[in-house]
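Student: I would like to learn how to read the features of a helical model with some care. Could we begin with the way helices pass one another?

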Amino acid sequence: MTTAEDAARAGLIKVGGRPPLKTYVAEVWRRRIFIFSMARFKIESENQQNSLGMFWVILKPLLNALVYGAIFGFLIGTEGRPDHFVEFLIIGVFLFEFFAQSWTSGGKAITSNAALLQSLAFPRMALPLAAVTQRFLQFLPTIAIMLVFLVISGGFGAIEVQWLLIVPLLALYYLFNCGLALITARLSVHWRDLNNFLPFLTRFFFYTTGIFFSIEKRFADHPTLVKITDAQPIHEFLSIARSLLLQGPDYHVDNRYWLFVTLWSLGLFAFGVWFFWRAEERYGRVD
C-alpha cells in the first residue's frame, strides 16, 4: 500500500491539495495564458448585452469624472483646488476606479466561482489574478483617453522623458492591486460578509485619498493629518502620477514616494501570494 511519504517522494499530491509554494507559483505562471483569456472573456461577456458594448469601458470613468467634478468642484469652491483642477480630477478618478474595481471583483473571485472550483482542477490563485487583469485591461483604454485629454487641455506642458515613468508606475499599481485582491479573496472565503463591506471600504479610501481636492492645500493647517495621508499607498500612487503628467508647484512630490510605492507593491504582492497559497485546499470546498 502506497504511503503518504511514498507519494510525496514521487511528486504526487492529493486532489485539491496544496503543493509547495515554489511549485504552486510555477503552476500559476504556466497558466498565464488562461488567466489572460479568462480576463478578456469576462470583459466581452460583461458588455455584450449593452447597446454601447465596449464603449462603456471608457464612458463609465468619464461620467464619474464629470459627476464628481460638477458636484465637488462646486461644493468646495476654490479652496483645496490645485492648478489644472480638471486634469487633476480626471487622473484621480481614472486611477482610483481601477483600484476600486480590482479590489471588489478580485475579493469575490473565489466565492463567486463555486461551480468552476468544484468542477476543474487548477491553481485557485488564477481567479483573483484574472479579475485584476480584467480590470487592468479595461483600465488601459482609459489611460489612452486620459493622455489625449491632457495633451488637448494643455495640462501636460512640454513633452518630457519623465512621461515614460508612468509605465513602471502602472506596473507597480497592478502588482499592488493583485496583492490586495489575493488577500481579500482568501479572507472572503472565511468571512463571506466581507464582500458586503468592500463598497464602504472603497468609499472610505475615495474620500481620504484626495481625488477631487488637494490634501496638502486643504489641510495645510493640520500637518499631522497630511503626514498620515502621505503614508496611504493610493494617495502616493495618485501623487506620483499627477507629478509625472502635470506641471506646476502643486505637483512636486517627495522622491521617496517611489520607494514607498515599490515597497508597498512588492511587499503586498509577495505576502498576498503566500497568504492565498496557505488556504489553497480550502477553496475547492466553497459552498
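Tutor: The term we need at the outset is a cut-off on the angle between helix axes: angles over 145 degrees count as roughly antiparallel, those under 35 degrees as roughly parallel, 65 to 115 as roughly perpendicular, and the rest as oblique. Please keep in mind throughout that this is a predicted model.

Student: How many helices and strands does the chain have?

Tutor: The chain has 14 helices and zero strands, and read along the sequence its pattern is accordingly α-α-α-α-α-α-α-α-α-α-α-α-α-α. Of the 287 residues in the chain, 47% are buried.

Student: Let me apply the angle cut-off, then. How are α5 and α9 oriented to each other, roughly parallel or roughly antiparallel?

Tutor: The axes of helix α5 (residues 85-107) and α9 come within 10 Å and cross at roughly 165°, and since angles over 145 degrees count as roughly antiparallel, α5 and α9 are therefore roughly antiparallel to each other. Handedness is a separate property of the crossing, and here α5 passes α9 in a right-handed crossing.

Student: Which description fits α5 and α12?

Tutor: With their axes 10 Å apart, α5 and α12 pack at an angle of about 140°, and α5 and α12 are therefore oblique to each other. The crossing of α5 and α12 is right-handed.

Student: And what is the handedness of the crossing of α12 and α13?

Tutor: That crossing is left-handed. The axes of helix α12 (residues 233-245) and helix α13 (residues 256-278) come within 10 Å and cross at roughly 135°, so α12 and α13 are oblique to each other.

Student: Next I would like to read burial together with contacts across the sequence. Is Phe94 buried or exposed?

Tutor: For burial, the cut-off is a relative accessible area under 20%, whereas exposed residues have over 50% and those in between are partly exposed. Phe94, which is found in helix α5, counts as buried because its relative accessibility is 2%. As for the sequence, Phe94 and Lys60 are 34 residues apart along the chain, while their C-alpha atoms are separated by 9.6 Å.

Student: Where does Trp277 lie, and what is its relative accessible area?

Tutor: Trp277 lies in helix α13 and is buried, with a relative accessible area of 10%. Its C-alpha atom is separated by 9.0 Å from that of Arg186, although Trp277 and Arg186 are 91 residues apart along the chain. You can set beside this Ala144, found in helix α7 (residues 126-153), which is partly exposed at a relative accessible area of 41%. The C-alpha atoms of Ala144 and Ile58 are separated by 9.7 Å, with their positions 86 residues apart along the chain.

Student: How should I read charged side chains, and how many salt bridges does the structure hold?

Tutor: The general idea is that side chains of opposite charge can pair when their charged atoms come close. The structure holds two salt bridges, one of which is formed by the side chains of Arg30 and Glu27 at 2.1 Å, N to O. Arg30 and Glu27 are three residues apart in helix α2 (residues 21-30), and therefore about one helical turn separates them.

Student: Which side chain meets Glu27 in the other salt bridge?

Tutor: The side chain of Arg31 meets that of Glu27 at 2.5 Å, N to O. Because they share partners, these salt bridges join Glu27, Arg30 and Arg31 into one network. In terms of accessibility, Arg30 counts as exposed at 53%, whereas Glu27 is partly exposed at 24%, and Arg31 is partly exposed at 25%.

Student: Finally, which residues form the nonpolar patch on the surface?

Tutor: A nonpolar patch of this kind joins side chains within 5 Å of one another, each with over 30% relative accessible area. Trp191, Phe197, Phe200 and Leu201 form the patch here, and together they have about 420 Å² of accessible area. Trp191 lies in the loop between α8 (166-190) and α9 (194-208), and Trp191 is partly exposed, with a relative accessible area of 43%.

Notes: Residues are numbered from 1 along each chain as its sequence is written. This is a predicted model: local features need pLDDT of at least 70, side-chain atom pairs count only at pLDDT 80 or more; totals for chains, interfaces and linings use all residues. Side-chain values use heavy atoms; hydrogens and water are left out. Patches are made of residues with over 30% relative accessible area and no salt bridge: like charges are joined within 9 Å, nonpolar side chains (Val, Leu, Ile, Met, Phe, Trp, Tyr) within 5 Å. Accessible areas come from the Shrake-Rupley method with a 1.4 Å probe; for residues, only the protein chains shown count as cover. A salt bridge is a side-chain nitrogen of Lys or Arg within 4 Å of a carboxyl oxygen of Asp or Glu. Helices (H or I, at least four residues) and strands (E, at least two) are DSSP runs, numbered from the N terminus. Buried means under 20% relative accessible area, exposed over 50%, partly exposed in between (1.4 Å probe, protein chains only). Axes are lines fitted to C-alpha atoms, for helices over the stretch in contact, and angles run from 0 to 180 degrees between N-to-C directions. A crossing is left-handed if the near helix is turned anticlockwise from the far one by less than a right angle, and right-handed if clockwise.
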